[in-house]
Amino acid sequence: MKIPYSWLKELVPGLPVVSELEPIFAQLGLPLEGVEEVPAPPAGVLLVAVKAAEAMPGTQLTKLTLDAGEHGEKVIASGAGNAVGLPAGTMLALVSPGTELGGLTYGVRALQGVESWGMAASAKELGLGESSAGLMLFPAGTAKPGTPMRELWAADHVLDVEVTPNRADVLSALGLARDLAAFLKLELVQPPAGPQAVGEGEIRVSLPEKGIRIERDPTQKLRFGCDRFVARTVNGLRNGPAPLWMQRRVSLSGMRSIDLIVDTSNYVMLELGQPTALYDRRDVRGDQILVAFGLRQGERVRDLMGGDHEVGPEDLLILDGAQPEVSTVAEAFETAGQPRPGDTVLGIAGIMGGDHGHVRADTTDVVVEVAHFDPVLLRRTSTRLGLKTDAVYRYERGVDPLLPERAAARLVGLLGDAGGQVHPGATVVGDPEIPGRIEATGEQIRALLGMPVDTDEMRGILTRLGCVVEGEGDTLSVVPPSWRVDMAIWQDLAEEVARLHGFVHLPESLPTLRVHESNIGAEREGVARATLRRTLAGLGAQEVVTYTFTSDDEAGKARTERPGVRLRNPLTADRTGLRTALYPSLVKAAQAHAKGDRVLIFEMGRIFPASGETERVGLLMRGPLAPRTDQAGIAGDFRAFKGLVESLAGTLGASFELRQLRGDAVPAALHPGITGEVVWNGQSVGWLGALHPEIAQAFGLKGDTFLMEAALPLPGREWAFRDPSRAPAAWRDLAVITPAGVSYGEIAALLREYGGTLLESVEPFDVFTGEQIGTGNRSVAVRLVFRGDKTLTDAEVDPVMDALMGAVRAQGWNIREK
C-alpha cells in the first residue's frame, strides 16, 4: 500500500524523518518495500484560470484563453479531450515558456494559427500521476492565477508498505498512523469527523431477511451478506475537479484522480479504510435501496466500467426501489411474474458499482452508501467474476464493522465543503458483530514469548492499540477495538505485546532440542529423495519442475487417466485438473525442445489418480546420450537408456531388473514391443520403455523418446559388507534355444533357480535366429559365472551345469550344441 509521508506526518506530528522509518516499520511487522522521492513540479509550472474555451473550426484543438496572473492574459491551443467546454474559472497546470520538463524546453509555438504560450499539461506529463487522458484540472479559486504549482504541490516521499492479509486495519492512513503512534508513544491526531447524523435519512434501506449457506451445507454458518448499511444524501453539488490537496493525496497513493465525487469516495477509503459507494439520486427510484441475494441464474449485470457479468443466487447486489420491498430478488421475480430488469442493479455489493446509477458529469444529487459486507461472500463473488478492486481488497480482509457511520459523516462533510447541501439525517440498518472479550494472564504471554514483559506494560501496550483492558494483578480481560478483527484469541494479544515491546528485546538463547521418538528416522525419506536427485543430476539429467495441473485434452493425447480432481477456478483452459501421471509433463517439456539435439530430464512430483495421491519420479531421454565431439558419441537407443537406469541403481546400491511386459500389461504410454517392468530391490515400482509412436506424433515429437516412471520412495534394502572373494571365478557359456516369445528374464530366472549357491551371475552376450535352430525359435547365449570359497574344479562345476541343462530341457527348451 502506498501512502505519502506528509499525510502520516499530519496525523502523527511527532513522526521521525523518512530516513529513520524503515526499522520502525519492520519492527511493527509492516516492512517497507520501498520509499520513492517525488519532486515538486518545476518552478515554471503555473496554476492559471480559464477565461474562455473555444473549439477551433476544422481541427480537434481547443483555444484556451487563460488568466496567468502577473504574466497577463495568455492563449494556448490544446488537443486534450477535457479542454472542450471548460467552465470559466477552472484552473489548470500550465508549463510556461522556458520551462524544462521531461528533457524538453517549452516555448511559444504556433498551432493552427494560434500562438500557444507553453502547454497545458496532464498529470503524467508533470510526473505527478499515471493519467494522461486529459489536462490536470482544479476548482476555481484554488490559488491566485500565476501561482507556481510547487507552492501547493510540494515535494514528498511515498512509502510503499507491505501489508499482511490479517492486517486490514492498516490499509489506510489512519490505520498506519494509529500503529505508529502506539509504537512510538506519540500523539495521534484524528481526521475531522464530519457532520453527525440527526434524525432519519431520506433513503429507505432493506437488508436481506434470509441468509445463505455458500456450500449448501446445513452445518455451516448462515451468512447474511450485509450486517450494517448507512445511507445519507447530499444535494446541489456541482461535479468537476476535486480540490488540489485531495488530488495530490489520491495521486500519491497510487490512484487516478477522476472528479470531485469519485475522488472524495476514494479519499475516504484511503484515509479511514472504509470503501464507499455513491449513486446518482435520479436512478435511486422510490428513494429506496434493496440489498438482496438471488438474481435468477444467468441474469446479467453491467458494471460502471462497461463490463458485463453473469450473476447468480449467491451474489449480493444493491438495487433501487423499482420493485416492491422483498428479502430476495427471487421473491421479486415471483411477485412481478417476470425477471427483474438489469437496469435496477445499482452495484455488485462491495465490489463495483453498476452502469445504472453511476455518477456522471452532470450529477448534482447523490446517495451515499457506506456498508459492512461479509468478506467470504465478497471474495467468492469477486473471484468468480474476475473483479479485483481496491474496495474488495479491503472488504475480504476485514473492515471495521462499526466504521460505516463515521465514514459516511466524513464523506458527506467533504462534499458539503465542496458546495453540497448535506441532509442532516441518516438511514442506519443492521446489527454488526464486534470482537468479543479475550481472557489471558501475563504469565501465559511471557511463557509464549520467552521474554520478560511486565503485566502493567502489557496493559499499556494493549491500551495504546485501542483495547479496553480490565483485570487485576496478572489477569488481563481485553476487549479489542472494532477495527482489529484479527484479534480473537489470547495468542493474538501476545503477538501485539511482542510487536510493540520490540522483537529486538527477545533474549538470545540456544533452543532446547527435544526429539520425540516418533520423529526418529523421519528424515530418511527426505535424504533418500535428495540422494536420488543428486545422483540423477550426476548422470547428466536436468531436473524440471512442471505444473501439477493438466486438462482432459492433454490426458487424452497422452493416453492416461483423465483428471478426477477438478479446479473450481482454473487459471487457463489447459490447467483444469490435477494430473494423474507424471510422464505427460515430461513429454510436454520435451516438446518445447523438440528441435534440440539432446534432451535428458527428470522430475520428482505428485500425481492424483483415482487410486489416490502418490509421489513418483520420471525420467525422459531423447537424442544421443552423449553427443559426438572429437570422440565417438553414445547413441540414445533403448540399451543406452536402460544402461543409464542400471547405472542409477548401481550408484544407489540397489538391484535393478527389467521384466518384459506383454498384452494388456503394457502401459498405454509405451511402444508394445519396447517396454518393461522396473523391479527395484526385488519390488515392482514402475515401467520403462519407448514412448508410443502415436503419442509422440500427437505431441509433435520426431524420433525415439524413452521414458521411465517409478513410485517413490524407491524400496531400499539392508546394507551388508563382506570381503571380496579371493577365489577366481569359473566361466561357462550356455546357449538356450526357446520359442521367440520367451523373454531373457524367464531364461535367467530359471537358471538362477537351479544354479545353487555357486552361481554368482548370469549375463546375456548373444542372440541368434536362423534356420539352423528352427523357424520361430531363437538362441540366447548367456555367460554363467561360478565362484566358491576356493578355486573351483570341473568336477564341482560340471554337476551344476548338468542340473541347469536338465532344467532347461524339462522346460521344453533345447541346448544349442557346438
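# Close-up views of a predicted model

**View 1. Alanine 43 lies in the loop that links strand β2 (32–38) to strand β3 (45–55).** The model shown here and in the following views is a predicted one. Setting aside residues up to four places away in sequence, alanine 43 touches Pro148 and Arg150. A much later part of the chain gives a sense of scale: alanine 43 and arginine 816 are 773 residues apart along the chain, and their C-alpha atoms are separated by 104 Å.

**View 2. Asparagine 82 is found in the loop between β5 (73–78) and β6 (91–95).** Is this residue buried or exposed, or something in between? With a relative accessible area of 28%, asparagine 82 is partly exposed, because values from 20% to 50% fall between the buried and the exposed class. Its contacts, not counting residues up to four places away in sequence, are with Gly134, Leu135 and Leu137. For leucine 135 a distance can be given, since the backbone nitrogen of this residue lies 2.9 Å from a polar atom of the side chain of asparagine 82. Glycine 129, by comparison, is 47 residues from asparagine 82 in sequence and 17 Å away in space, taken from C-alpha to C-alpha.

**View 3. Serine 265 is a buried residue of helix α6, which covers residues 260–272.** The relative accessible area of serine 265 is 8%, and the residue is therefore called buried, as this word applies to values under 20%. Apart from residues up to four places away in sequence, serine 265 touches Thr276, Ala277, Leu278 and Leu411.

**View 4. Aspartate 486 sits in the loop between strand β29 (475–479) and helix α13.** Although placed in a loop, aspartate 486 is buried, with a relative accessible area of 18%. The side chain of aspartate 486 makes a polar contact, at 2.8 Å, with the side chain of arginine 484. When neighbours within four places in sequence are left aside, aspartate 486 is in contact with Asn166, Arg167, Asp169 and Asp492.

**View 5. Helix α12 (residues 455–464) packs against helix α13 (residues 490–501).** The two helices meet at an angle of about 95°, and their axes are 10 Å apart. This angle makes α12 roughly perpendicular to α13, because angles from 65 to 115 degrees are counted in that class. Which residues make the contact? On the side of α12 they are Glu457, Met458, Ile461, Leu462 and Arg464, while α13 contributes Leu493, Glu496, Val497, Leu500 and His501. Sorted by character, the residues of this contact divide into six nonpolar, one polar and three charged.

**View 6. Seven strands form an open sheet with mixed pairing.** Read across the sheet, the order of the strands is β30-β33-β34-β38-β37-β36-β35. The edges are formed by β30 (542–543) and β35 (656–660), each of which pairs on one side only. At one of these edges, β30 and strand β33 (residues 599–607) pair in the parallel sense over two bridges, and here glutamine 542 has isoleucine 601 of β33 as its bridge partner. Two helices lie across strands of the sheet. Helix α16 (residues 583–591) lies across β33, β34 (614–622), β37 (683–691) and β38 (705–712), and runs at about 145° to β33. Helix α17 (residues 638–651) lies across β33, β34, β35, β36 (670–680), β37 and β38, and runs at about 140° to β35.

**View 7. Strand β41 (residues 777–786) is mostly covered and pairs with β39 and with β40.** How many of the 10 residues of β41 are buried? Seven of them are. Strands of a sheet pair through backbone hydrogen bonds, in either a parallel or an antiparallel sense. Strand β39 (residues 730–739) and β41 pair in the antiparallel sense over 10 bridges; along this pairing, alanine 735 stands opposite alanine 781, and proline 739 has asparagine 777 as its bridge partner. Strand β40 (residues 759–768) is joined to β41 by eight bridges, and these two strands also run antiparallel, with serine 761 facing valine 785 of β41 as its bridge partner. Strand β39 is also joined by two bridges to strand β42 (residues 814–815), again in the antiparallel sense, and in this pair isoleucine 737 stands opposite asparagine 814.

Key: Residues are numbered from 1 along each chain as its sequence is written. This is a predicted model: local features need pLDDT of at least 70, side-chain atom pairs count only at pLDDT 80 or more; totals for chains, interfaces and linings use all residues. Side-chain values use heavy atoms; hydrogens and water are left out. Axes are lines fitted to C-alpha atoms, for helices over the stretch in contact, and angles run from 0 to 180 degrees between N-to-C directions. Helices (H or I, at least four residues) and strands (E, at least two) are DSSP runs, numbered from the N terminus. Angles under 35 degrees count as roughly parallel, over 145 as roughly antiparallel, 65 to 115 as roughly perpendicular and the rest as oblique. Contact means heavy atoms within 4.5 Å. Ala, Val, Leu, Ile, Met, Phe, Trp, Tyr, Cys and Pro count as nonpolar, Asp, Glu, Lys and Arg as charged, and the others, Gly among them, as polar. Two strands pair if DSSP finds at least two bridges between them. Buried means under 20% relative accessible area, exposed over 50%, partly exposed in between (1.4 Å probe, protein chains only). A polar contact is a pair of N or O atoms within 3.5 Å; within protein, one must be able to donate a hydrogen and the other to accept it, and residues adjacent in sequence count only if both atoms are side-chain atoms.
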